[in-house]
Structures are given as C-alpha cells and as structure tokens.
Amino acid sequence: MTLNGLNHLTLAVRDLERAWDFYALTLGCRPHARWDGGGYLSLDSLWLCLSLDPAAAPAPGYTHYAFGVDAADFPAWRERLAAAGVRQWRDNRSEGDSLYFLDPDGHQLELHVGTLASRLDACRAQPYAGMRFFDEAPA
C-alpha cells in the first residue's frame, strides 16, 4: 500500500476574485471551474483548489509551495512577478535559482529551477550538517 503522490492543494483565500486573478492571470494556472465559494485550476498535473475563507491566515514559518520553472524562463518570471507588484518573503539560500514570493493572501510560494536529483547532487558535494543519504534514488 502506497500513496499516489500529492492529489491536490487547497488554499484558503480571503478574496476569491483577487486570488483567482493571481493564480489564473499572473501565474498562468488553467481555470476549470468556479463557484461562489471557490474554484478549481490546474498547473500541469497539480490540481489547485481555492476555497473562500474570510478568516484565513497563512501559517508562519518556512512552509511553502514551490512551482518548477525552466532555467531559461526564470528571468522572465522574476520580471513578471516584479511588474505585478508581488512581494518576496525570503532570499534564496540553496542550490538552483529560486524566487520566494507571497500570493495576495500571504501564502508563501516559490519558483524553483531544479529537481530533487539536482538538489541531492549539490548536497552530496556540500552536505547540510548531520545529513545522511539513503541508497534508493528518488522516483
């Protein structure tokens, strides 16, 4: 018995119109359905649900959601988000180009160039304190 990966991501949003525009227009997620209290979009195989919750507040800390981008597209994405007035919440401190930014509800997001394999290669070259590696390669 195994999990099949991430099924969907639901984000609680305070203003559905604003969140819909951000994910559909600014980030380019594909719209599928929308109703008074939410909406469904997708990005490649990721199913994204926006759920209206006027009391929503993102959790503090490092929890965030990262979207993959190609290295060649990274500068254009940086410019696009800057032009949209999107705020950054953290500087990149790891392998691969990353841009950490906030959505209109304060959810912590990231654009990242790289894969688990490229991260593990970098970590093998310069391991984090106390890092251990396991023989099985990532799927």
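## A friendly tour of a predicted fold

Ser-45 sits in the loop that joins β3 to β4, and this loop is a handy place to begin. What you see above is a predicted model. The protein contains 3 helices and 8 strands, and 32% of its 139 residues are buried. Let us go from the overall layout to single residues.

**The overall layout**

- Going along the sequence, the helices and strands come in the pattern β-α-β-β-β-β-α-β-β-β-α.
- Taken along the principal axes, the C-alpha atoms fill a box of roughly 50 × 45 × 30 Å.
- How many of the contacts with a separation of 6 or more come from residues 24 or more positions apart? Such residues account for 50% of those contacts.
- The UniProt record, an unreviewed entry, places the feature "domain: VOC" at residues 5-114.
- Across residues 5-114, the chain is 19% helix and 38% strand, and the C-alpha atoms at the two ends are 19 Å apart.

**The loop between β3 and β4**

- Ser-45 counts as exposed because its relative accessible area is 67%, and the cut-off for exposed is over 50%.
- Ser-45 and Leu-6 are 39 residues apart along the chain, and their C-alpha atoms are separated by 9.6 Å.
- Asp-44 is found in this loop too, between β3 (38-43) and β4 (46-52).
- Is Asp-44 buried or exposed? Asp-44 is exposed, since its relative accessible area is 79%.
- Asp-44 also has a positive phi, about 55 degrees, although it is not a glycine.

**Helix α1**

- Helix α1 covers residues 16-26, and its buried residues are Leu-16, Ala-19, Trp-20, Phe-22, Tyr-23, Ala-24 and Thr-26.
- At the start of α1, Asp-15 extends a side-chain oxygen to within 3.2 Å of the backbone nitrogen of Glu-17.
- Just after α1 comes Gly-28, with a positive phi of about 80 degrees.

**Helix α2**

- Which residues of α2 (residues 74-83) are buried? They are Phe-74, Trp-77 and Leu-81.
- These buried residues lie on the same side of α2, because they cover an arc of only 60 degrees around the axis.
- A bit of background helps here: an α-helix has 3.6 residues a turn, so residues three or four places apart point the same way.
- Glu-79, Ala-82 and Ala-83 are exposed on the other side of α2.
- What do the buried residues of α2 pack against? Their partners are α1, β7 (98-102) and β8 (108-112).
- Gly-85 follows α2 and has a positive phi, near 75 degrees.

**Two buried residues to find in the picture**

- Ser-98 is part of strand β7, and Ser-98 counts as buried because its relative accessibility is 6%, where the cut-off is under 20%.
- The side chains of Ser-98 and Glu-110 make a polar contact at 2.6 Å.
- If neighbours within four places in sequence are left aside, Ser-98 is in contact with Phe-74, Arg-78, Asn-92, Glu-110, Leu-111 and His-112.
- Val-69 belongs to the loop between β5 (65-68) and α2.
- Why does Val-69 count as buried? The reason is its relative accessibility of 13%, which is under the cut-off of 20%.
- Val-69 is in contact with Phe-74, Trp-77, Leu-111, His-112 and Val-113, again leaving aside neighbours within four places in sequence.
- Val-69 and Gly-114 are 45 residues apart in sequence, yet their C-alpha atoms are 8.0 Å apart in space.

**Aromatic rings**

- How many aromatic pairs does the structure hold? There are 6.
- Ring pairs join Phe-22, Tyr-23 and Phe-101 into a cluster; of these residues, Phe-22 and Tyr-23 are among those buried in α1.
- Tyr-100 has Arg-90 lying over its face, at 5.9 Å from the ring centre.

Notes: Residues are numbered from 1 along each chain as its sequence is written. This is a predicted model: local features need pLDDT of at least 70, side-chain atom pairs count only at pLDDT 80 or more; totals for chains, interfaces and linings use all residues. Side-chain values use heavy atoms; hydrogens and water are left out. Rings of Phe, Tyr and Trp (its six-membered ring) pair if their centres lie within 6.5 Å; planes under 30 degrees apart count as stacked, over 60 as edge-to-face and the rest as tilted. A charge sits over a ring if NZ of Lys or CZ of Arg is within 6 Å of the ring centre and within 35 degrees of the ring normal. Buried means under 20% relative accessible area, exposed over 50%, partly exposed in between (1.4 Å probe, protein chains only). Helices (H or I, at least four residues) and strands (E, at least two) are DSSP runs, numbered from the N terminus. A polar contact is a pair of N or O atoms within 3.5 Å; within protein, one must be able to donate a hydrogen and the other to accept it, and residues adjacent in sequence count only if both atoms are side-chain atoms. UniProt positions are given in the numbering used here, feature names are shortened, and annotations may be inferred rather than shown by experiment. The arc is that of the directions from the helix axis to the C-beta atoms. Contact means heavy atoms within 4.5 Å.
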